[in-house]
Each structure stands twice: as structure tokens, then as C-alpha cells.
Amino acid sequence: MHFELEPQTRPSHLSRVAVLLINLGTPDAPTPRAVRRYLAEFLSDPRVIEIPALIWQWILRLFILPLRGRPVAAKYASIWLPEGSPLRVYTEQQAKALQQQLKAQGDEISVEYAMRYGARNIPAMLTQLKRAGIERILLLPMYPQYCAATTASSFDRAFTALQHMRNQPELRTIRHYADFPPYIAALAAQVRAHWAVHGKPDFALGGRLLLSFHGVPKRIIDLGDPYYMHCQLTATLLAQALNLSETESLLTFQSRFGRAEWLKPDTALVLKELGAAGVKRVDVFCPGFPADCLETLEEIGMEGRDIFLQAGGGEYHYIQCLNAAPSFIASLAELVRVHLQGWVPQNSLAPS
Ligand SMILES: C=CC1=C(C)c2cc3[nH]c(cc4nc(cc5[nH]c(cc1n2)c(C)c5CCC(=O)O)C(CCC(=O)O)=C4C)c(C)c3C=C
Ligand SMILES: [Fe+2]
Ligand SMILES: [Fe+2]
């Protein structure tokens, strides 16, 4: 074990608090090579794939990476923005907007973002913050619902980075905000804003709002992961905020990966059934993804639409993720305010 050589820092009266947004990470380019590199890191994480490494690495290197690189790169290419991967572009916008919002409320708190996999990783960003003289860091995962595969994996990465530091910063973590009222209000505002422009499904005629969350293997829920409960909580509270009955909105799970049983009902299957039943309109929203990404823009925005329409469905509406919507940024500022107690004077972080 070796510990890093530390720069000499002097105590200062300047604010030395930072918020670090953490998201999953994404390939650097929509190419098979970049996608394979990204997936190799992502899918080698034992928090994501709970199969003994010796067996799994063979399957991953022999089958998954060679077979997935090209088709998945083509999917990324279909959603790529001029500035890069949507996940990165929107996460960066969120960090900037949150920094501005906190500044407008009177506090100089640095807001940066890190990715769990790929470029701009968590250790690199912790080192950068430390170099800037920051001693207190609040980790804010862009996963409103706790899951060991995402939340715990991100925190693990931060804590192992600290293992090598002689002069460790103080860390705080936000475990989840699945039921945080301002987050629910921001979700509801996003759906209502879509309905204000495009009208809403005729629920009496069988129209539906699908609330589609990223799936996970059912086994991890049986082993005690609270993710399913958190998704149910968000979906129920959002439906209530929108005054929808139990049948008018549906909780579904998307992005199945591998052969194990995943959480049900499956978004694609539900879309197919609703289409086959001749449903006139479905709207699909992804409350568990604060930023639009491959899984929302391509899987829900494109594939889901094709499935529903080809099965015989009427109108299909994809409702964008929160991204940098002002009500979402305000909800993050409120969340941060709650978690920064004792680190910054609370009167300077008064809610707007
Ligand atoms: C919202 C939270 C997420 C959970 C929970 C989650 C679990 C999980 N994911 C995989 C496998 C893959 N996920 C992929 C993409 C992806 N996943 C999330 C979020 C969660 N995943 C996001 C935001 C993204 C999009 C990233 C982007 O660049 O836009 C992929 C890559 C795409 C593909 O190859 O299909 C895989 C693979 C597992 C196995 C898992 C639970 C254990
Ligand atoms: Fe995923
Ligand atoms: Fe997918």
C-alpha cells in the first residue's frame, strides 16, 4: 500500500464544499471499439454481474463483447448528439444548472460530475476537487432509486479511491430520493408539460401512462436489494400527483440483459399487448433516469414506438427525461440543502 504525496494546503475561510453528481458513464464514441471498451469495464463490475468472475470473464470476452460491440454502437450512433453522448451532455448540463441555482441562492458551492465507468471517473474527480482545496464532498447519484448495481457501486468506487489518500476529504452520500417530494413534483411537472402541448391519453378509452424503470435480475431483489420497492414508491407517488387511478398508469421494467429472470412486467411486452389490444394512445415516461440516454432515447423513444405501432397501437408518446428542467434542478438544490446541514450556513441555502 502506498499513500499519495499531498500538496500543502492551508486552512481557509473560503467555502470548501462541493457536490459531485455521479452518473453511470457512457462510451466515448458511437463505435464498436469504444462500446466494447465501455462494456468491458461496466460488465466486469461485480456489483453489476453477480456471477463468479472466473466464469463470467470467459462469457464476457468470448461472446458478449464480440457480439454486442457492433449492434450497440449502431444504437448509440442513432442518438448521438453533436456534443457527444446524451447521457454525458445532459449530466453536464445538470451540474452547471445546479451550480447556478445554488449560486443564485447565495452559496459558492462547486458542482462537478463524475462517471462510474469510462472517462471522468470518480477517483479522477475526487483528486481534482481535492487539488482545488475542497475538503467536503457530497456524492449525489443520478439514481433516484437505490440499487446496489448503481448506487453502491458508485460509493464503493469513491471509498476505494480514498484508501490511497493521505489527506482524505470528508464524504457524505445521498442514498436515494425515490420519495423526495420536490423530485416527485418535478416528475409530475414534466408529464404535465408534455400533456399541455400534446394533450393526454384518453384514460377512459384504455389510454395508459407507462412508467418504465431500468430492470434488474429478480434474484437481487430476493436477496434484499430495495430497488423494486423504491421504483414502486416513485411510481405510486407520481401517479397520485397526476391524479391517476391504479389502472391508468403502469409500472414496467425495461432493458433486459442476459438470461436470468428480470423484474416484471417487461416494458416491451406490455407495449406489444397494449398495441395488440388496439389501445389508442400510450405515453411512456422513465422516472428512474434523470438524464436521457441510450435506454430512454433509443429503447423507449424508438424501439418501443415500433413495437407498439407494429402490434396495432394508435398514438405513441415518449416523454423526455427531466434533464435540466428547472423544477428538477430546483429539487436537486433542495435535496442538497437538506444534506449539507452543518457544512454550510443554512440561511445561505434558503429555498427559493
Ligand atoms: C437507472 C439505473 C440503472 C440500473 C439499476 C441498471 C442496472 C443494470 N444495467 C445492466 C446492463 C446494461 N445497462 C446499460 C445501459 C444503461 N444502464 C443505465 C442505468 C441503469 N442500469 C443507463 C443510464 C444506461 C445507458 C448508458 C448510456 O450510455 O446511455 C447497458 C449498455 C447498453 C447495452 O449494451 O445494451 C448494459 C449492458 C445490468 C446487467 C444491470 C443490473 C444488474
Ligand atoms: Fe443498465
Ligand atoms: Fe437497452
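Colleague: Let's start with a strand pairing: which residue in E6 is the bridge partner of His214?
Modeller: Keep in mind that this is a predicted model. Strand E5 covers residues 208-214 and pairs with E6 in the parallel sense over 6 bridges. For His214, the bridge partner in E6 is Gln254.

Colleague: What is the strand order of the open sheet that holds E5 and E6?
Modeller: This open sheet has 4 strands, with parallel pairing. Strand E6 (249-254) and strand E8 (315-319) stand at the edges, each with a single partner strand, so one side of each is left without a neighbour in the sheet. From one strand to the next, the twist averages 25 degrees. The order reads E6-E5-E7-E8.

Colleague: Which helix packs on the sheet, touching E5 and E6?
Modeller: The helix in question spans residues 227-241. Its direction makes about 150 degrees with that of E6. It is helix H8.

Colleague: And at what angle does helix H10 run to E8?
Modeller: Helix H10 covers residues 294-310. It lies across E5, E6, strand E7 (281-285) and E8. Its angle to E8 is about 170 degrees.

Colleague: Is Leu309 buried, partly exposed or exposed?
Modeller: Leu309 is found in helix H10. Setting aside neighbours within four places in sequence, Leu309 is in contact with Gly275 and Tyr316. A residue needs 20 or more C-beta neighbours within 10 Å to be buried, and 12 or fewer to be exposed. Leu309 has 14 inside 10 Å, so it counts as partly exposed.

Colleague: What about Arg157 in helix H5, buried or exposed?
Modeller: Arg157 lies in helix H5, and beyond its neighbours within four places in sequence it is in contact with Arg116 and Ile122. Arg157 and Arg116 are 41 residues apart in sequence, with C-alpha atoms 7.6 Å apart in space. Since Arg157 has 20 C-beta neighbours inside 10 Å, it counts as buried.

Colleague: How many residues of strand E1 are buried?
Modeller: Strand E1 takes in residues 17-23. On one side Val17, Val19, Leu21 and Asn23 are buried, and on the other Ala18, Leu20 and Ile22 are too, which leaves both faces covered. E1 is therefore largely enclosed by the rest of the structure, and its count of buried residues is 7 of the 7.

Colleague: Which residue in E2 stands opposite Val19?
Modeller: E1 pairs in the parallel sense with strand E3 (residues 136-141) over 6 bridges, and there Ala18 stands opposite Ile137. Strand E2 (residues 110-115) is also joined to E1 by 6 bridges, and these two strands run parallel. Opposite Val19 in E2 stands Val111.

Colleague: Which residues are the closest to ligand 1?
Modeller: The surroundings of ligand 1 comprise 22 residues, divided into 14 nonpolar, 6 polar and 2 charged. Helix H2 (53-79), helix H5 (148-162) and H10 each supply at least two residues of this shell. The closest residues are Thr26, Ala149, His214, Cys293 and Leu294.

Colleague: Which peptide bond is cis, with omega near 0 degrees?
Modeller: Look at the loop between E6 and helix H9 (267-276), where Pro265 is found. The cis bond leads into this proline, running from Lys264 to Pro265.

Colleague: Ser255 is not a glycine, so to speak of its backbone, what is its phi?
Modeller: Ser255 also lies in the loop between E6 and H9. With 19 C-beta neighbours inside 10 Å, it counts as partly exposed. Its phi is positive, at about 60 degrees.

Colleague: And what is the phi of Asn323?
Modeller: Asn323 lies in the loop between E8 and helix H11 (326-339). Having 19 C-beta neighbours inside 10 Å, Asn323 counts as partly exposed. It is not a glycine, yet its phi is positive, about 45 degrees.

Colleague: To finish with the whole chain, what is its radius of gyration?
Modeller: The protein chain has 11 helices and 8 strands, and its C-alpha trace spans about 70 × 50 × 40 Å along the principal axes. Of its 352 residues, 42% count as buried. The globule rule gives 20 Å for 352 residues, and the chain comes close to this, so it is as compact as a globular protein of that length, with a radius of gyration of 21 Å.

Key: Residues numbered from 1 in each chain as written. Chains lettered and ligands numbered in written order. Predicted model: local features only at pLDDT ≥ 70, side-chain atom pairs only at ≥ 80, totals over all residues. Pairing = 2+ DSSP bridges. Axes fitted to C-alpha atoms, helices over the stretch in contact; angles between N-to-C directions. Contact = placed C-beta atoms within 7 Å. Rg over C-alpha atoms; globule rule 2.2 N^0.38 Å. Near = placed C-beta within 6 Å. Nonpolar A, V, L, I, M, F, W, Y, C, P; charged D, E, K, R; others polar.
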